[in-house]
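User: I'd like to learn how to read a fold like this one, step by step. Could you walk me through it?

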Amino acid sequence: MSGKFDVVVFGSLIVDFISYVPRLPKVGETLHGTKFTTGFGGKGANQCVAAARLGSRTAMIGKLGNDPWGKNYYSNLQKEGVNIDHIAILDGQSTGIAQINVANNGDNQIVIVVGANNCLQVDDVQACGELLSEAKVLVCQLETPVLATIEALKTFKGTSIMNAAPALENIPLALLKCCTIFCVNESEAALITGMPVETIAEAKGALFKLRDMGCGTIIITLGEKGAIFVTKDCTKVIHVKPFKVDNVVDTTGAGDAFIGALAHFIAEDPTAEMAQCVAAASQVAALSVQKPGTQTSFPRMEETGLTGLSSSSLSEWEYI
């Protein structure tokens with residue numbers, strides 16, 4: 001499929017307020033932090049920037065508030081090479097924000113207030129019809145209104161990736177059925193399916209439960225255990241082994257690095273084996289956790305060590 005854009009993202013733009021702490025606080029506890037920073041986040045924009053840094057021609061569909069944070073975000077996306085023609089800055093709305101605590105071991109806690117992101121509606125899908133017709137891959141998440149996301153998935157004719165995060169317990173089945181690829185982590189898979197997803201064997205069971213719910217190709221990322229997936233109409237599950245990480249600094253945004261990279265590699269070579277795309281995306285995500293911050297931690301292609309989807313540095317995979 002040809003297209004003016006490799007990856008279009010329909011989703012959220014959120015400013016991160018990040019506190020670094022020795023450990024995550026308990027309920028009611030006050031801790032002294034060691035450092036405070038701000039950054040650009042939101043799952044949608046994170047995934048878009050991750051793909052752009054790898055070399056994809058990207059465009060973002062989203063909403064920002066007419067405040068200093070929104071204006072700064074708009075400029076930052078321009079610097080990252082993201083097409084911003086379909087990002088609106090809205091009067092009377094605040095830019096979405098996220099409060100993030102990052103512990104010394106890389107674990108994090110995140111609270112988001114989505115603000116202007118709630119204004120992304122079905123009408124915006126219709127207004128972006130030409131853009132969507134010019135793209136190879138569409139990426140969506142759940143930090144913006146669900147009905148608009150469903151409309152975007154129904155409208156798009158290429159390969160679509162639905163990253164069901166943050167997870168919904170009673171997720172609309174249309175979100176599962178309208179996308180080409182449904183991708184979640186273990187906690188999201190557990191919430192959606194009502195099944196435990198703590199081991200690879202349990203994750204395999206969740207894959208087939210998601211298929212019963214209407215999904216096609218399904219990927220469950222498992223952190224330090226790698227990822228598993230099953231493609232549409234296939235009964236064989238593949239486990240992509242983890243890319244070794246010696247020094248975890250900050251896991252914030254690792255899942256978004258994976259999704260953005262997955263979109264990039266699928267757009268780059270639509271004929272590639274899914275295992276190769278998942279392995280390459282896992283490597284990008286693993287590299288991101290070795291640096292602080294969210295978008296600032298995403299590697300550029302020359303930093304990945306990848307020479308292509310057949311690169312010898314890719315993680316191994318096996319049928320399970």
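Analyst: Gladly. Let's start with the sheet: ten strands make an open sheet with mixed pairing, in the order β5-β4-β1-β8-β9-β10-β11-β12-β13-β14. At its edges are β5 (83-90) and β14 (317-319), each of which pairs on one side only. From one strand to the next, the twist averages 20°. Please keep in mind throughout that this is a predicted model.

User: What holds neighbouring strands of a sheet together? And in which sense do β9 and β10 pair?

Analyst: The general idea is that strands of a sheet pair through backbone hydrogen bonds, in either a parallel or an antiparallel sense. Here, β9 (residues 159-163) and β10 (residues 181-185) are parallel, with three bridges between them. To trace the register, look at M162, which stands opposite F182 in β10, and at N163, which faces C183 in β10.

User: How many bridges link β10 and β11?

Analyst: Five bridges join β10 and β11, and the sense is parallel. One position to look for is V184, opposite I220 in β11. β10 is also mostly covered, with four of its five residues buried.

User: Where should I look for an antiparallel pair?

Analyst: Go to β6 (residues 96-103) and β7 (residues 108-113), which pair in the antiparallel sense over six bridges. V102 has N108 of β7 as its bridge partner. Four residues lie between the strands of this hairpin, and G106 has a positive phi there, near 95°.

User: Next, the helices against the sheet. Which strands does α7 touch?

Analyst: α7 (residues 186-193) packs on the sheet and touches β9, β10 and β11 (217-221); its direction is at about 110° to that of β10. Another helix to find is α10 (residues 274-288), which lies across β10, β11, β12 (227-230), β13 (238-240) and β14. α10 runs at about 155° to β12.

User: And how do I describe two helices packing on each other? What is the angle between α1 and α9?

Analyst: Start with the angle and the distance between the axes, then ask which residues meet. α1 (residues 43-53) and α9 pack at about 50°, with axes 7 Å apart. That angle makes α1 oblique to α9. Their crossing is right-handed. On the α1 side the contact is made by K43, N46, Q47, A50 and A51, and on the α9 side by D256, A257, I259, G260 and H264.

User: Is there a general rule behind that spacing of contact residues, and what is it?

Analyst: There is: an α-helix has 3.6 residues a turn, so residues three or four places apart point the same way. Try it on the α1 side of the contact, where K43, N46, Q47 and A50 are among the residues involved.

User: Is α1 mostly covered or mostly open?

Analyst: α1 is mostly covered, as ten of its eleven residues are buried. Among them are G44, A45, C48, V49 and R53. After α1 comes G55, with a positive phi near 115°.

User: How do α9 and α10 cross?

Analyst: Their axes come within 8 Å and cross at roughly 140°. This crossing, too, is right-handed. Residues of α9 including A254, A257, F258 and A261 meet residues of α10 including M274, C277, A281 and S288.

User: Now the annotations. Which residue does UniProt list for "active site"?

Analyst: An annotation comes from a record, while the setting of a residue can be read from the model. The unreviewed UniProt entry lists D256 as "active site". D256 is in α9 (residues 254-268).

User: Is D256 buried or exposed, and what is it in contact with?

Analyst: D256 counts as buried because its relative accessible area is 4%, below the 20% cut-off. Beyond its neighbours within four places in sequence, D256 contacts K43, N46, Q47, A50, N163 and F298. N163 is the residue opposite C183 in β10.

User: What about S288: which residues does it contact?

Analyst: S288 is in α10 and is buried, with a relative accessible area of 1%. Leaving aside neighbours within four places in sequence, S288 contacts D250, A254, A257, S297 and F298. F298 is also on the contact list of D256.

User: Finally, what domain does UniProt place at residues 6-299?

Analyst: The unreviewed entry gives "Carbohydrate kinase PfkB" for that span. In the model, residues 6-299 are 34% helix and 27% strand, and the end C-alpha atoms lie 18 Å apart.

Terms used. Residues are numbered from 1 along each chain as its sequence is written. This is a predicted model: local features need pLDDT of at least 70, side-chain atom pairs count only at pLDDT 80 or more; totals for chains, interfaces and linings use all residues. Side-chain values use heavy atoms; hydrogens and water are left out. Two strands pair if DSSP finds at least two bridges between them. Axes are lines fitted to C-alpha atoms, for helices over the stretch in contact, and angles run from 0 to 180 degrees between N-to-C directions. Contact means heavy atoms within 4.5 Å. UniProt positions are given in the numbering used here, feature names are shortened, and annotations may be inferred rather than shown by experiment. Buried means under 20% relative accessible area, exposed over 50%, partly exposed in between (1.4 Å probe, protein chains only). Angles under 35 degrees count as roughly parallel, over 145 as roughly antiparallel, 65 to 115 as roughly perpendicular and the rest as oblique. A crossing is left-handed if the near helix is turned anticlockwise from the far one by less than a right angle, and right-handed if clockwise.
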